[in-house]
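This report describes the secondary structure, the nonpolar cores, the metal site and selected polar contacts of the protein shown below.

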Amino acid sequence: MVYPIVIYGHPVLKKVSVDIDKDYPDLDKIINDLFETLYYSDGLGLAAPQIGKSIRIFVIDGGPLAEDEPEMADFKHVFINANITEKYGELKPMTEGCLSIPNLREEVNREYSIRVSYYDEKWEHHDEIYEGYKARVIQHEYDHLDGVLFTDKVSPLRRRLLKGKLAAISKGKFEANYDTILPGQKIKSD
Ligand SMILES: [Zn+2]
């Protein structure tokens, strides 16, 4: 099932999500739905809060980047109860976007490398080090679980300049080829 994507300004995007158990209801379906929604909306990663669920899961599929970033070609992962335990290296700037903030791209500084522990969809535990683009996408999705969006990380000056644009986005003034839930609209619970 393809979910509509929750848009900037909706309170669910600011909530801190909770860890889940192995027997969380319909977990397999939620994971499938996250991937389906990700593919439908042409994203690289999608976190559960973006479909209105405050639980600590996100999915990444770097396939669409394969041409420009070959290391991302086979990078398809489910991260459950992820925990970034270390960040290393200098902060590096890179332009990011987000399905919850359509038509806006901004430069964001993040650490080059991270160590992350998580469970996968088979509930196997991993403790891994990632760098470069992979570390970038993981950090972006992980932030969603803590109610943090990439626009929270741009410089204070940029943020002031973005205020009007973000207000317009939260009122539905954007083009997206996927269904959305604006602030004030109810999230359907299934
Ligand atoms: Zn995002």
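The expected span of a helix is 1.5 Å times one less than its number of residues. For the 14 residues of α1 this rule gives 20 Å, and the end C-alpha atoms of α1 are 20 Å apart, so expectation and model agree. The model is a predicted one.

**Helices**

Helix α1 covers residues 27-40. Its buried residues are L27, I30, I31, D33, L34, F35, T37 and L38. An α-helix has 3.6 residues a turn, so residues three or four places apart point the same way. The cover over the buried residues of α1 includes β1 (5-6), β2, β3 and β4. Just after α1, D42 adopts a positive phi of about 60°.

Helix α2 spans residues 132-145. Its 14 residues should extend over 20 Å, and the end C-alpha atoms of α2 are 21 Å apart, which agrees. Of these 14 residues, 13 are buried, so α2 is largely enclosed by the rest of the structure. G147 follows α2 and has a positive phi, near 75°.

**Strand pairing**

The antiparallel strands β4 and β5 (residues 101-119) are joined by 13 bridges. Within this pairing, K92 has R110 of β5 as its bridge partner. The two strands β4 and β5 form a hairpin with two residues between them.

Strand β5 also pairs with β6 (residues 125-131), again in the antiparallel sense, over seven bridges. Here Y118 stands opposite H126 of β6. Five residues separate β5 from β6 in their hairpin, and W123 in the turn has a positive phi of about 65°.

**Nonpolar cores**

Which residues touch the most other members of the largest nonpolar core? They are L46, I57 and I80, in a core of 20 residues. At least two residues of this core come from each of α1, β3 (57-61) and β4 (76-98). Helix α1 provides the largest share, six residues. Beyond four places in sequence, L46 touches I5, L34, T37, L38, I51, F58, V59, L99 and E141. There is also a second, separate core of 19 residues, whose members include I60, A82, V116 and A135.

**The zinc site**

A zinc ion is coordinated by C98 through SG and by H140 and H144 through NE2, at 2.1 to 2.2 Å. Along the chain, these donors follow the spacing C-x41-H-x3-H. Because C98 lies in strand β4 and H144 in helix α2, the pair ties together parts that are 46 residues apart in sequence. Both C98 and H144 are buried.

**Polar side chains in buried positions**

R56 is located in the loop between β2 (45-47) and β3. Is R56 buried or exposed? With a relative accessible area of 9%, R56 falls under the 20% limit and therefore counts as buried. Beyond its neighbours within four places in sequence, R56 is in contact with V16, S17, V18, D19, F79, I80, N81, A82, Y142, L145 and D146. Two of these residues, S17 and D146, also take part in polar contacts with the side chain of R56.

Q139 belongs to helix α2. Its relative accessible area is 2%, so Q139 is buried as well. Residues touched by Q139, leaving out those up to four places away in sequence, are I84, K87, R110, E111 and I114. The polar contacts of R56 and Q139 are set out in the table.

| Side chain | Partner | Distance |
|---|---|---|
| R56 | S17, backbone oxygen | 3.1 Å |
| R56 | D146, side chain | 3.1 Å |
| Q139 | E111, backbone oxygen | 2.9 Å |

**A partly exposed loop residue**

G63 is found in the loop between β3 and β4. Its relative accessibility of 27% lies between the limits of 20% and 50%, so G63 counts as partly exposed. Apart from residues up to four places away in sequence, G63 touches M72 and A73. G63 and R115 are separated by 52 residues in sequence and by 22 Å in space, C-alpha to C-alpha.

How values were computed. Residues are numbered from 1 along each chain as its sequence is written. This is a predicted model: local features need pLDDT of at least 70, side-chain atom pairs count only at pLDDT 80 or more; totals for chains, interfaces and linings use all residues. Side-chain values use heavy atoms; hydrogens and water are left out. A nonpolar core is a set of buried Ala, Val, Leu, Ile, Met, Phe, Trp, Tyr and Cys residues joined through side-chain atoms within 4.5 Å. Buried means under 20% relative accessible area, exposed over 50%, partly exposed in between (1.4 Å probe, protein chains only). Helices (H or I, at least four residues) and strands (E, at least two) are DSSP runs, numbered from the N terminus. Contact means heavy atoms within 4.5 Å. Donors are N, O and S atoms within 2.8 Å of the metal (3.2 Å for Na, K and Ca); water is not among the atoms, so sites may look incomplete. A polar contact is a pair of N or O atoms within 3.5 Å; within protein, one must be able to donate a hydrogen and the other to accept it, and residues adjacent in sequence count only if both atoms are side-chain atoms. Two strands pair if DSSP finds at least two bridges between them.
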